[in-house]
Amino acid sequence: MASQTLYEKHVKIRPRPVRGRFQNLRITSLLVLLGIFHILPLFQWNGRQAILFDLSERRFFVFGLNIWPQDFILLAFVLLGLALILFFATSLLGRVWCGYACPHTVYNEVFMWLEQKFEGNRSEQLKLARQPWTSKEKWLKRGGKYLSWFAVVVCTGIGFVGYFTPIRELVVDFFTLKAAPTHYFWIAFYGGFTWLQAGIVREQFCKYMCPYARFQGAMFDRDTLIIAYDENRGEPRRRLKKADRENPEHLGFCVDCTMCVQVCPTGIDIREGLQLECIACAACIDACDNMMDQINAPRGLIRYTSTNALEGKKTRFVRPKTLGYGLVLSLSFVLFIFMIITKSDVEIDVIADRNMLSREIRGGKIQNAYAIQVLNKSEQERRFIVSTRGLPDAEIENNAAFTIAPSEVHQMVVSLNVPQASLNGKLMTKFEFTVAPEDAPDDVHAKEAVFTGKLKR
């Protein structure tokens, strides 16, 4: 009796290279995404890196947008928007993210392309794998492949860390061994993770680790685009034998060449139906279309379609689910733009002096003391003036304009004097401290405070 195991032994998948329109689209997407990832940190803006997530100073710079911890809600909207875009695209186009834009897929393509350049096609790779390590050819080809992979992960690690520290200085410091130990650690960590997922784990990440593959079913319906094999056109399969060639009328167009399986990066047979491992890369479509061209058969035996279309029904792109995702996405986008437009570059905080709530001074006035902090969140030095609003005849002692450097906090203690008659006998009176830059006096920022009077005896 044969023994059974709960776990299937992993066999490395070596997909056959394929050419076609969808493969060209994937290569274009790959080059664009890698270009954006590595080029964006190189742009400069106002004398600094255009996109910089400065964790040590707790500031994020995105071109002209300066995000502080107080603006964290903006990051929440960004993450929400990205999630909604993914859900919306998935409900319409299926796993288009997995096939064309997922970082795992992008680096898989890069690593497999380098592997094929050094080790050859699928049959040559299998032949090389059977050779002993005493073979000089194996050492040269595997060594060249690993060195090219190492170059990719180093560039990837530097590109990643370059979003958190100025990349121009980082590149110089890295190669002159002057970078901080934390920089070397994160470059090695992110680069090593890239090697692990794209060089070793590969399709197993999609099969066993990626959560998106599990919950995507909740976003699929019978109108969602999927990659599917048309059994009505393909079955029964012909074997390209003499009898089949002479009597093709009763046969389908599938010649059972298995090219769709050989080019699949996850090693599935799409003819068995939609499967969890399918990442919608469309490599099987290109392979099948190429074979259909060779036997003078119409393309589309394997194609992007929907479950309804396979059953002869109409595919509806506008439906309640897509309308719902689109509406929520639009509202989130409008709110995000509104928050960007109304975002303040000045933050004011006021704390009453608890050691002296109030005291009576000459002239029949009541005095309160306050600690005021003004944060200049802009990237320019600015002069400000503090005033009050909502408290009649209030006067700030020794009030004068002050200058705050970019991204700095100015702290001051002020004494506020109010005639007792102006308080109308009230013990607590609400008012506002206001701060406005001299270069934009209409840009007023206010913070509510409470003035404490004296009880009548």
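In the predicted model, one aromatic cluster is formed by Phe37, Phe53, Phe60, Phe160, Tyr163, Phe164 and Tyr190. Aromatic contacts recur elsewhere in the chain, and the count comes to 23 aromatic pairs. One of these joins Tyr146 and Trp195 in a stacked arrangement, with 6.1 Å from centre to centre and 25° between the planes. The two partners belong to distant parts of the chain, 49 residues apart: Tyr146 lies in helix α6 (residues 136-161) and Trp195 in helix α8 (residues 181-201). Tyr146 is partly exposed, because its relative accessible area of 33% falls between the limits for buried (under 20%) and exposed (over 50%). A contact of another kind involves Trp133, whose ring has the charged end of Lys138 over it, 4.8 Å from the ring centre.

The UniProt record, an unreviewed entry, places the feature "transmembrane region" at residues 24-43, 72-93, 146-164, 184-201 and 323-341. Two of these spans were examined for secondary structure and extent. Residues 24-43 are 80% helix and 0% strand, with the end C-alpha atoms 28 Å apart. For residues 146-164 the helix content is 84% and the strand content 0%, and the end C-alpha atoms are separated by 28 Å.

On the surface, Val78, Leu79, Leu82 and Ile85 make up a nonpolar patch of about 380 Å². Val78 is located in helix α2 (residues 72-93). With a relative accessible area of 36%, Val78 is partly exposed, and this value therefore meets the requirement of over 30% for residues that make up a patch.

Conventions: Residues numbered from 1 in each chain as written. Predicted model: local features only at pLDDT ≥ 70, side-chain atom pairs only at ≥ 80, totals over all residues. Heavy atoms only, no water. UniProt positions renumbered as here; feature names shortened; annotations may be inferred. Helix = DSSP H or I, 4+ residues; strand = E, 2+ residues; numbered from the N terminus. Phe/Tyr/Trp six-rings, centres within 6.5 Å; stacked < 30°, edge-to-face > 60°. Buried < 20%, exposed > 50% of the residue type's maximum accessible area, 1.4 Å probe, protein only. Lys NZ or Arg CZ within 6 Å of the ring centre and 35° of its normal. Patch = residues over 30% accessible without salt bridge, like charges linked within 9 Å, V, L, I, M, F, W, Y side chains within 5 Å. Areas by Shrake-Rupley, 256 points an atom, 1.4 Å probe, with all protein chains shown as cover. Salt bridge = Lys/Arg side-chain N within 4 Å of Asp/Glu carboxyl O.
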